[in-house]
Amino acid sequence: MQSAARSAYAVIPAKAGIQIEKRAPIVRHLGLAGFVSTYQAMRRLTDSRGTTTPDELWVLEHPPIYTVGIAGRAEHFPRSGEVPLERIDRGGQITYHGPGQAIVYTLVDLARRSLTVRGMVRLIEDAVIEVLGAHGVGAGRRNGAPGVYVDGAKIAALGLRVRRGCCYHGVALNVDMDLAPFWAIDPCGYPGLAVTQTRAHGVLADAEEMGHELARRIARLIEDQ
């Protein structure tokens, strides 16, 4: 989930004078959920939603899996075949998901919120940085490489897909997980990119707790739009 997918069209804010209700996003906690079924559910919701469909944030973890975005290149793929690999429609290259990683999928009507794709990416990054800061971990961005970093190591990867003015996919925050599968790939397409997690920086909260905090922060920022 490294970068936002390029949309075939601009996200156009609601026209002046037209009142569109902006309800708070619904937050759903899905626990440990299979990737493929969750991915299919995101696409179904996006395809079926209308102008009054509430935005949703899905908080979950995945069993071990590599996911590869539409720009994925084989030279970045794993050097071993033990973990399944799935090609999907978000932007960016390859990343890894596994238990102990807090994932928040953001199913948001960007047009209704007057958000551009870049604005949504920045909002998600802001939410991660704020949550980490609340736990005493200083984090920031890296020019030209979407996501959140601590001391040069990537702690959160993100990527979006936009269809019909609405986005899905989201952000994965490394909390307390086995990082070894990252060593078999070029994370986000960057050879040698260091990867870290919150437990390595003294944060005791588990993935469920961090996912809950992150979803609440994203929801608050979305409501401010």
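This section describes the cysteine sulfurs and the salt bridges of a predicted model.

No disulfide was found when the whole structure was searched. The distances between sulfur atoms account for this result in the two cysteines examined here. For Cys166, the closest cysteine sulfur belongs to Cys167 and lies 7.7 Å away, which is too far for a bond. For Cys188, the closest cysteine sulfur is again that of Cys167, but at 18 Å, and this separation is likewise too far for a bond. Because a disulfide requires a pair of cysteine sulfur atoms within 2.5 Å, neither the 7.7 Å separation of Cys166 from Cys167 nor the 18 Å separation of Cys188 from Cys167 qualifies. Both residues are classed as buried, Cys166 with a relative accessibility of 4% and Cys188 with a relative accessibility of 8%.

In contrast to the absence of disulfides, the search of the whole structure returned 13 salt bridges. Among them is a contact between the side chains of Arg141 and Glu125, with an N to O distance of 2.6 Å. This pair links distant parts of the chain, 16 residues apart: Glu125 belongs to helix 2 (117–134), while Arg141 is located in the loop between helix 2 and strand 7 (148–150). The accessibilities of the two partners were also computed. Glu125 is buried, at 6% relative accessible area, whereas Arg141 is partly exposed, at 33%.

The side chain of Arg141 also meets that of Asp126 in a salt bridge, for which the N to O distance is 2.4 Å. Here the loop between helix 2 and strand 7, which holds Arg141, is again linked to helix 2, which holds Asp126, and the partners are 15 residues apart. Asp126 is partly exposed, with a relative accessibility of 27%. Arg141 therefore pairs with one buried residue, Glu125, and with one partly exposed residue, Asp126.

A further salt bridge involves helix 2 through Glu130, which pairs with Arg217 at a distance of 3.3 Å between the closest N and O atoms. Since Glu130 lies in helix 2 and Arg217 in helix 4 (residues 207–223), this contact ties together parts that are 87 residues apart in sequence. Both side chains fall in the partly exposed class, with relative accessible areas of 28% for Glu130 and 24% for Arg217. Elsewhere in the sequence, Arg49, Asp55, Arg112 and Arg113 are joined into one network by salt bridges that share partners.

Terms used. Residues numbered from 1 in each chain as written. Predicted model: local features only at pLDDT ≥ 70, side-chain atom pairs only at ≥ 80, totals over all residues. Heavy atoms only, no water. Buried < 20%, exposed > 50% of the residue type's maximum accessible area, 1.4 Å probe, protein only. Salt bridge = Lys/Arg side-chain N within 4 Å of Asp/Glu carboxyl O. Helix = DSSP H or I, 4+ residues; strand = E, 2+ residues; numbered from the N terminus.
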